[in-house]
Amino acid sequence: MIKTAIGHSEDPDSLAAIDEVLAQCHATLADYPPQAGILFAGIDFEHELLLQRIHQSFPDIALIGGTTDGEISSQLGCQQDSITLMLLCSDRIQFSAGIGIHLSQNPQTAVQQAVQQAQAPLSETARLCLTTPESLTIAPQTVVEHLQQALGPHIPIFGGATGDQWRFQQTYQFCGTQVFSDAVPILLLAGDVCFSYGAVSGWTPISQAGIVTKSHGPTLYEIDGQPALEFYRRYLGNLPPSGEYPLAVFATEGSDFCLQGCVTYDPELGSVTFFDHIPEQAIVKLTKASRDEILAASRTSFMHALETYPGTEPEVALFFSCGARRYLLGTRTQEEHQLIHTCLPHPIPYIGLYSYGEIAPADYNSASRIHNMTFVTLLLGSGSNYPIDS
């Protein structure tokens with residue numbers, strides 16, 4: 001089994017908040033010593049203080065995490081400017097953390113550093129990787145690709161790219177007792193791990209296909225040889241590009257798509273900048289979704305994970321949602337949490353974040369990748385985990 005404790009506090013004072021969180025965790029754990037921790041925190045807390053207090057209570061845990069665009073837990077639902085901590089222990093699962101730094105300077109080296117650190121203490125083969133990487137100094141998809149290569153194709157990667165509440169200035173990553181920026185922390189789970197997941201957005205294409213003919217980094221300059229803004233204006237008129245109308249990006253016509261949400265645009269250049277890189281020759285279509293469809297996708301994500309769970313019943317859940325979903329849902333954000341809560345067959349602890357890029361495989365036979373505007377559900381338990389028909 002997996003023994004789990006969740007702490008969550010809205011107190012704006014860092015010391016008071018982390019002490020409240022730790023008190024909640026101690027009350028749940030009793031005498032169980034936790035092996036691993038995941039910490040999600042608002043951007044304005046004293047993050048080093050949070051990690052130091054956790055280390056004082058639980059000096060031996062493998063801990064990762066980072067700053068978010070919002071926090072989710074079974075304690076307080078969806079919040080902003082809060083901290084939430086999940087502690088895990090199991091007699092059948094091993095947990096080990098690693099960190100790779102200076103990610104934008106040499107992503108391959110940083111990722112290999114994180115993987116080597118995390119793999120070294122394990123006596124069994126890793127089954128699953130959780131990560132909360134940098135999102136602003138490097139394209140998150142680049143990080144995920146290097147991480148998948150370093151881990152091998154059979155270890156799925158889940159997580160969310162760290163955020164800073166829509167400021168787009170600096171995000172922070174946590175590992176052990178240290179706070180980093182431009183880094184990739186990972187938590188490996190090895191042994192008798194059982195899991196399932198769902199990744200659903202709610203957006204559907206509404207336009208004809210276009211071909212990306214010029215792009216650099218996260219900025220898309222031309223579609224079909226014309227300024228990228230012209231592609232938007234063809235369908236939206238004078239409405240500016242926004243997260244409400246993300247691009248569906250296809251590797252080939254008819255393939256599954258991933259979404260890319262707009263961050264900003266340049267009316268003089270006619271360019272549009274996204275959360276991540278869109279490669280040249282990619283096929284793109286404009287999409288849209290209503291708030292009801294966005295909320296329904298959260299439920300679909302959870303139900304797909306629940307229906308494909310290969311064990312008896314899940315013991316813990318993690319949710320990775322997009323900061324743009326929270327922004328677009330506005331006052332209806334709590335409904336995303338409430339919908340999930342009503343789907344639970346029995347109460348289970350859960351934690352989650354609103355991120356700048358959600359990480360999950362496209363399906364059970366594919367490599368992990370970055371998604372935008374997507375709600376990812378990850379269900380965990382202990383038990384033999386074999387390939388799942390989806």
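His47 is found in helix H2, in what is a predicted model. This histidine is buried, with a relative accessible area of 8%. Helix H2 also packs against helix H1, their axes coming within 9 Å. The points below take you through His47, the helix pair, a buried isoleucine and the cysteines.

**His47 and its surroundings**
- Leaving out residues up to four places away in sequence, His47 touches Ala41, Gly42, Thr67, Tyr172, Phe174 and Val179.
- His47 counts as buried because its relative accessible area of 8% falls under the 20% limit.

**How H1 and H2 pack**
- Helix H1 covers residues 14–29 and helix H2 covers residues 47–57.
- Their axes cross at roughly 30 degrees, and H1 and H2 are therefore roughly parallel to each other.
- The crossing in which H1 passes H2 is right-handed.
- On the H1 side, the contact is made by Ser14, Leu15, Ile18, Asp19, Leu22 and His26.
- On the H2 side, the residues are Leu49, Leu50, Arg53, Ile54 and Ser57.
- By character, the residues of this H1 and H2 contact divide into six nonpolar, three polar and two charged.

**Ile83, a buried residue in a strand**
- Ile83 lies in strand S6, which runs over residues 83–90.
- With 0% relative accessibility, Ile83 counts as buried.
- Setting aside neighbours within four places in sequence, Ile83 is in contact with Gly7, His8, Ser9, Ala17, Ile18, Val21, Phe40, Ala41, Phe45 and Leu50.
- Two of those partners will be familiar from the helix pair: Ile18 of H1 and Leu50 of H2.
- Ala41 links back to the opening topic, since His47 touches Ala41 and Ile83 is in contact with Ala41.
- Phe45 and Ile83 are 38 residues apart in sequence, yet their C-alpha atoms are 8.4 Å apart in space.

**Cysteines and disulfides**
- How many disulfides does the model hold? The count comes to zero.
- A disulfide here calls for two cysteine sulfur atoms within 2.5 Å.
- For Cys78, the closest cysteine sulfur is in Cys322, and at 13 Å it is too far for a bond.
- For Cys258, the closest cysteine sulfur is also in Cys322, and at 12 Å it is too far for a bond.
- Are Cys78 and Cys258 buried or exposed? Cys78 is buried, with a relative accessible area of 9%, and Cys258 counts as buried at 17% relative accessibility.

Terms used
Residues are numbered from 1 along each chain as its sequence is written. This is a predicted model: local features need pLDDT of at least 70, side-chain atom pairs count only at pLDDT 80 or more; totals for chains, interfaces and linings use all residues. Side-chain values use heavy atoms; hydrogens and water are left out. Buried means under 20% relative accessible area, exposed over 50%, partly exposed in between (1.4 Å probe, protein chains only). Axes are lines fitted to C-alpha atoms, for helices over the stretch in contact, and angles run from 0 to 180 degrees between N-to-C directions. Helices (H or I, at least four residues) and strands (E, at least two) are DSSP runs, numbered from the N terminus. Angles under 35 degrees count as roughly parallel, over 145 as roughly antiparallel, 65 to 115 as roughly perpendicular and the rest as oblique. A crossing is left-handed if the near helix is turned anticlockwise from the far one by less than a right angle, and right-handed if clockwise. Contact means heavy atoms within 4.5 Å. Ala, Val, Leu, Ile, Met, Phe, Trp, Tyr, Cys and Pro count as nonpolar, Asp, Glu, Lys and Arg as charged, and the others, Gly among them, as polar.
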